[in-house]
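Biologist: I have a model open in front of me and would love a close look at a single part of it, set in the context of the whole chain. Could you walk me through it?

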Amino acid sequence: MTTSDLLEDTYVAALQHDLVDISPEATFVGVVRRPTGWFRTTIDENYPALGPPPDFLDEFKQRHEDFKMQGMCDEGAHNAAWDEVRFEDRYRTHLTEAADAQEAVAELTDRLRDDEHLVFVCFENTDQKRCHRTLLKEHITEQL
């Protein structure tokens with residue numbers, strides 16, 4: 001396995017319902033700002049600094065709700081809000097400019113270089129909705 005092969009991602013419901021086949025050696029790393037209790041029981045650890053910043057997350061969630069109120073389905077509203085708030089650009093900026101995010105990225109990158117198998121976990125099924133964890137995975141893979 002190469003270092004980048006040691007990094008995977010999935011969503012919490014896939015773990016809870018055994019929808020993914022992941023090595024029992026893997027460490028489940030939550031990357032959410034506001035983990036729920038049931039989320040915490042599914043993962044091994046969480047890095048809140050790798051979730052979107054609170055003000056940005058609140059703006060995104062508000063736009064998501066606005067689009068749903070306009071009649072969009074949940075997935076459509078999610079993805080429309082993602083585009084409108086420039087989620088990808090702003091999240092990538094967060095990863096490169098926020099000190100706590102930089103520290104977390106450095107720590108996780110070191111763990112991968114030490115051959116630890118990590119699986120990033122968030123809430124979104126990326127078959128339907130875009131998720132910051134895929135951007136995070138790309139960002140960390142670029143660091144390896």
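Modeller: Happily! Let us take helix 4, whose buried residues are covered by parts that include helix 3 (54-69), helix 5 (87-97) and helix 7. Please keep in mind that this is a predicted model. Helix 4 spans residues 74-84, and its buried residues are Ala77, His78, Asn79, Ala80, Ala81 and Trp82. As a general point, an α-helix has 3.6 residues a turn, so residues three or four places apart point the same way. With that in mind, notice that the buried residues of helix 4 run in sequence from Ala77 to Trp82.

Trp82 deserves a second glance. Besides being buried, Trp82 belongs to one aromatic cluster with Phe56, Phe60, Phe87 and Tyr91.

Just past the end of helix 4 comes Arg86, with a positive phi of about 55 degrees. Arg86 sits in the loop between helix 4 and helix 5. Most residues other than glycine have a negative phi, and Arg86 takes its positive value although it is not a glycine. There is another such residue to look at: Asp115, also not a glycine, has a positive phi of about 70 degrees. Asp115 is found in the loop between helix 6 (99-113) and strand 4. With a relative accessible area of 56%, Asp115 is exposed.

Now for the aromatic rings elsewhere. The chain has 6 aromatic pairs by the ring-centre rule. One of them joins Trp38 and Phe123 edge-to-face, with 5.7 Å centre to centre and 65 degrees between the planes. Trp38 lies in helix 2 (residues 37-40), while Phe123 lies in the loop between strand 4 (118-122) and helix 7 (132-143), so this pair ties together parts 85 residues apart in sequence. Both rings belong to partly exposed residues: Trp38 has 44% relative accessibility, and Phe123 has a relative accessible area of 28%.

From there, try Val31, in the loop between strand 2 (27-30) and helix 2. Val31 is buried, at a relative accessible area of 0%. Leaving aside neighbours within four places in sequence, the contacts of Val31 include Asn46, Tyr47, Leu50 and Gly51, then Phe120, Val121 and Cys122, and also His132, Arg133 and Leu136. By contrast, Val31 and Phe67 are 36 residues apart in sequence and 25 Å apart in space, C-alpha to C-alpha.

Finally, let us step back to the whole chain. The secondary structure comes to 7 helices and 4 strands, arranged from the N terminus as β-α-β-α-β-α-α-α-α-β-α. The radius of gyration is 15 Å, close to the 15 Å that the globule rule gives for 144 residues, so the chain is as compact as a globular protein of that length. Along the principal axes, the C-alpha atoms fill a box of roughly 50 × 35 × 25 Å. Buried residues make up 47% of the 144. Of the contacts between residues at least 6 apart in sequence, 65% join residues at least 24 apart. The accessible surface comes to about 7500 Å², with 46% of that belonging to carbon and sulfur atoms. As for charge, the chain carries 15 positive and 31 negative side chains, and the centres of the two sets lie 6 Å apart.

Methods. Residues are numbered from 1 along each chain as its sequence is written. This is a predicted model: local features need pLDDT of at least 70, side-chain atom pairs count only at pLDDT 80 or more; totals for chains, interfaces and linings use all residues. Side-chain values use heavy atoms; hydrogens and water are left out. Helices (H or I, at least four residues) and strands (E, at least two) are DSSP runs, numbered from the N terminus. The radius of gyration is taken over C-alpha atoms; the globule rule is 2.2 Å times the number of residues to the power 0.38. Buried means under 20% relative accessible area, exposed over 50%, partly exposed in between (1.4 Å probe, protein chains only). Contact means heavy atoms within 4.5 Å. Accessible areas come from the Shrake-Rupley method with a 1.4 Å probe; for residues, only the protein chains shown count as cover. Lys and Arg count as positive and Asp and Glu as negative; His and the chain ends are not counted. The place of a charge is taken as NZ of Lys, CZ of Arg, CG of Asp or CD of Glu. Rings of Phe, Tyr and Trp (its six-membered ring) pair if their centres lie within 6.5 Å; planes under 30 degrees apart count as stacked, over 60 as edge-to-face and the rest as tilted.
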